[in-house]
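Hi everyone, thanks for squeezing me in. I've got one structure to walk through, so let me put it on the screen.

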Amino acid sequence: MNAHTKSDAAHSAFADTAEEAIALQEAQGDLMTSDKATEQAMQNTLLTPRFYTTDFAEMDALDVTPVRKDWDDLIAEMKSDPNKGHFKKTDEWNADWEGMEPKLKAEFIDFLISSCTAEFSGCVLYKEMKRRGSNTDITTLFQLMARDEARHAGFINDALREAGIRVNLGFLTQQKKYTYFRPKFIYYATYLSEKIGYARYITIFRHLEQHPDKQFHPIFGWFREWCNDEFRHGEAFALLIKTEPKLTETSMNKLWIKFFLTAVYSTMWVRDHQRPLFHEALGVDVTWYGQEVFRKTSEGTKQIFPFTLDIDHPRWRPNLDRMEAASRQIAAAKERGGLCGFISRVSGMAKAAIAFVSVFTIPAIQHVVPESTRMEPTY
Ligand SMILES: [Fe+2]
Ligand SMILES: [Fe+2]
């Protein structure tokens, strides 16, 4: 059944739970499937979005009492559901897939599939936490976040469907490999991905506000409200981290935070540089964009992390570029295969590792963490 023939209430944009949103998306998919899109979403490499599982009992035992006031305010805001109905096409939707240059179209589809998988990855993790938990504070939050991510993934799937493509969300849930992360690693990684997601969406949105002629697809017009959802999710994780001071205070955990910051930033850099036409079409210099997103993300993470990465250090950008070159070498070597391919692949991995260590060992910029984590979106 097609989305346009259904009433508004029967669209994932209006769903109150993740389960409902997914079911509505699945119900639309009968006419078209795309094995290739789902196959891409199934990939588990260093650069593709993964699905996570964790020790749900440990997460369920979190006690939000130390941040109760901020917590209740945030949950109330999420319950009020300011974006209900937002993630649905309107009359302003004017996608022109036919008019899109084929190579740009390929990169854009790659971007949408990767974004859809990342959104849905959040959804499955949050939904599972909601299902397994018994702590009402925790299950309420995770249910609300799963709802948002299901709508986001559903909306991207709506956009892809017009190009004859669909990521099979039900299939992914059952068949994609899940990576186990200890809860504290989930907090660091998920907090960062929510904050960086906010920075990415708002940077593109603000750029297109200045250059409306560059908006080559209508989905970018939905990014402002979208990034506010991600902002709230990031706030929630900041509060969760705040409940356990040792998560940001012990030397070992500080090293882990630095590791996750470095890994998340460099992965984004490498991945974005693989889509030159996409960024060119937006009129965005990909290097400027990367640094701008890091700057906004670092500004945000000051709410909870006691340091930020020095992204203006002379070793920073050259080594990110080395990682990017190494990742291209690894991909080409994989393609080539055989002994030569193997040797080239190993050498590419060594180059990437050396560059990573060089970035990781740049001294961080220390600062004092504020008493309250609460922030307002400022960009
Ligand atoms: Fe999202
Ligand atoms: Fe999110």
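I'll talk about the domains, how they touch, and then the nonpolar core.

One thing up front: this is a predicted model. Okay, domains. The chain splits into two of them, with domain 1 running over 3-304 and domain 2 over 310-368. If you take their C-alpha centres, those sit 26 Å apart.

So, how do they meet? On the domain 1 side we have 13 residues, and they're in contact with 10 residues of domain 2. Which helices in domain 1 should you look at? Both α11, residues 251-273, and α13, residues 286-301, put at least two residues each into the side that touches domain 2. The largest share is from α11, which gives 7 residues. And if you're wondering about the chemistry on that side of domain 1, it's a mix: 5 nonpolar, 5 polar and 3 charged residues.

Now the inside. The largest nonpolar core has 85 residues. Helix α6, that's residues 136-161, brings the largest share of this core, with 12 residues. And the core takes in both domains: at least three residues come from domain 1 and at least three from domain 2.

Who has the most contacts inside the core? That list is L112, C116, C123, A150, L160, Y187 and I241. Let's zoom in on L112. Setting aside neighbours within four places in sequence, what does L112 contact? The partners are I156, A159 and L160. And L160 is a name you've just heard, since it's also on that list of residues with the most contacts in the core.

Conventions
Residues numbered from 1 in each chain as written. Chains lettered and ligands numbered in written order. Predicted model: local features only at pLDDT ≥ 70, side-chain atom pairs only at ≥ 80, totals over all residues. Domains from an automatic or database assignment. Contact = placed C-beta atoms within 7 Å. Helix = DSSP H or I, 4+ residues; strand = E, 2+ residues; numbered from the N terminus. Nonpolar A, V, L, I, M, F, W, Y, C, P; charged D, E, K, R; others polar. Core = buried A, V, L, I, M, F, W, Y, C linked by C-beta atoms within 7 Å. Buried ≥ 20, exposed ≤ 12 C-beta atoms within 10 Å, placed from the backbone.
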